[in-house]
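Visitor: I am new to reading protein models, and I would like a close look at one part of this one. Could you take me to a single helix and show me what surrounds it?

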Amino acid sequence: MATGKTNAIRILDSQKIQYGIHTYESNDGKIDGVSVAHKIGIEPNKVYKTLVAQGNNKDIFVFIISVEEELDLKKCAKVAEVKKVDMVPVNDIQKHTGYIKGGCSPIGMKKAYPTFIDAKASNLDSLIVSAGRIGMQVELKVTDLTASTDGQIIDIIKE
């Protein structure tokens, strides 16, 4: 299992934000969000994935949604105030964020990108996101995630 501090954890520590760590085995290759939720014994609606997109203007945007949900790219373009957004190709995620697919935390990316957290998160006390490494998740208050990412809570999923 993953151990040791990641960049995301170091940032939370520096901001004096309380968090919990959940680890899981990834040897079976099942690192999708729903599988991770089952492995750590948490309802999938409380486990969130970090999605990285690029606007038609080449700006990068970060979207955080429940692992059970699907991103609505039209809503995302509207909240990002661009004509269109597309998902960043998997091979380019690390270049933009410093993280890899399956271990992409919204906290501690290479740059502070505009970040949007789905409105359903506001119904939760806490949620779980990647801690910045495959096999490690971090649980924190929604308000703390919003503060640490300078994120906005807004509707960005498909109905």
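Guide: Let's start with the sheet, since our helix rests on it. In this predicted model, five strands make up an open sheet with mixed pairing, in the order β4-β2-β3-β5-β8. At its edges are β4 (85–87) and β8 (152–154), each of which pairs on one side only. On average, neighbouring strands here are turned by 35 degrees against each other, direction ignored. Inside the sheet, β2 (residues 48–55) and β3 (residues 60–66) run antiparallel to each other and share seven bridges. If you would like one bridge to find on screen, look for Ala 53 and its partner in β3, Phe 61.

Two helices to look for on this sheet are α3 and α5. Helix α3 (residues 73–80) touches β3, β4, β5 (115–118) and β8, and its direction makes about 125 degrees with that of β4. Helix α5 is the part I have picked for you: α5 packs on the sheet too, touching β3, β5 and β8, with its direction at about 165 degrees to that of β5.

Now let's zoom in on α5, which spans residues 142–149. How many of its eight residues are buried? Six are, so α5 is mostly covered, given that buried means under 20% relative accessible area. The six are Val 142, Asp 144, Leu 145, Thr 146, Ser 148 and Thr 149. These buried residues pack against α1, β3, β5, β6, β7 and β8. Just after the helix comes Asp 150, with a positive phi near 55 degrees.

Take Leu 145 as your next stop. Setting aside its neighbours within four places in sequence, Leu 145 is in contact with Ile 64, Pro 106, Ile 107, Ile 117, Leu 127, Val 129 and Leu 140. Leu 145 also belongs to the largest nonpolar core, which has 27 residues; the ones with the most contacts inside this core are Leu 127, Val 129, Leu 140 and Leu 145. Two or more core residues come from each of α1 (7–14), β2, β3, β6 (126–133), β7 (136–141) and α5. There is also a second, separate core of 15 residues, and among its members are Phe 63, Leu 71, Ala 80 and Val 85.

One residue before Leu 145 you will find a charged side chain, Asp 144. Is Asp 144 buried or exposed? Asp 144 is buried, yet has no salt bridge. The nearest side chain of opposite charge belongs to Lys 141, 5.2 Å away. A salt bridge calls for a nitrogen within 4 Å of a carboxyl oxygen, so that pair does not count as one. Beyond its neighbours within four places in sequence, Asp 144 is in contact with Ile 17 and Gln 18.

The strand β7 is worth following as well. β7 is mostly covered, with five of its six residues buried. It pairs in the antiparallel sense with β1 (residues 20–23) over four bridges, where Ile 21 has Val 138 as its bridge partner. β7 also pairs antiparallel with β6, this time over six bridges, and Arg 133 stands opposite Met 136. The two strands β6 and β7 form a hairpin with two residues between them, and Gly 135 in the turn has a positive phi of about 100 degrees.

To finish, let's return to the other helix on the sheet, α3. By contrast with Asp 144, which has no salt bridge, Lys 75 is linked with Asp 155 and Glu 159 in a network of salt bridges. Between Asp 155 and Lys 75 the distance from N to O is 2.8 Å. This pair joins distant parts of the chain, with Lys 75 in α3 and Asp 155 in the segment after β8, 80 residues apart. Asp 155 is partly exposed, at a relative accessible area of 33%. In the bridge between Glu 159 and Lys 75, the closest N and O atoms are 3.0 Å apart. Here too the two partners are distant along the chain, 84 residues apart, and Glu 159 lies in the segment after β8. Glu 159 is exposed, with a relative accessible area of 82%. The loop between α3 and β4 holds Glu 81, which has a positive phi of about 60 degrees although it is not a glycine. Glu 81 is exposed as well, with a relative accessible area of 72%.

Technical notes
Residues are numbered from 1 along each chain as its sequence is written. This is a predicted model: local features need pLDDT of at least 70, side-chain atom pairs count only at pLDDT 80 or more; totals for chains, interfaces and linings use all residues. Side-chain values use heavy atoms; hydrogens and water are left out. Buried means under 20% relative accessible area, exposed over 50%, partly exposed in between (1.4 Å probe, protein chains only). Lys and Arg count as positive and Asp and Glu as negative; His and the chain ends are not counted. Contact means heavy atoms within 4.5 Å. Two strands pair if DSSP finds at least two bridges between them. Axes are lines fitted to C-alpha atoms, for helices over the stretch in contact, and angles run from 0 to 180 degrees between N-to-C directions. A nonpolar core is a set of buried Ala, Val, Leu, Ile, Met, Phe, Trp, Tyr and Cys residues joined through side-chain atoms within 4.5 Å.
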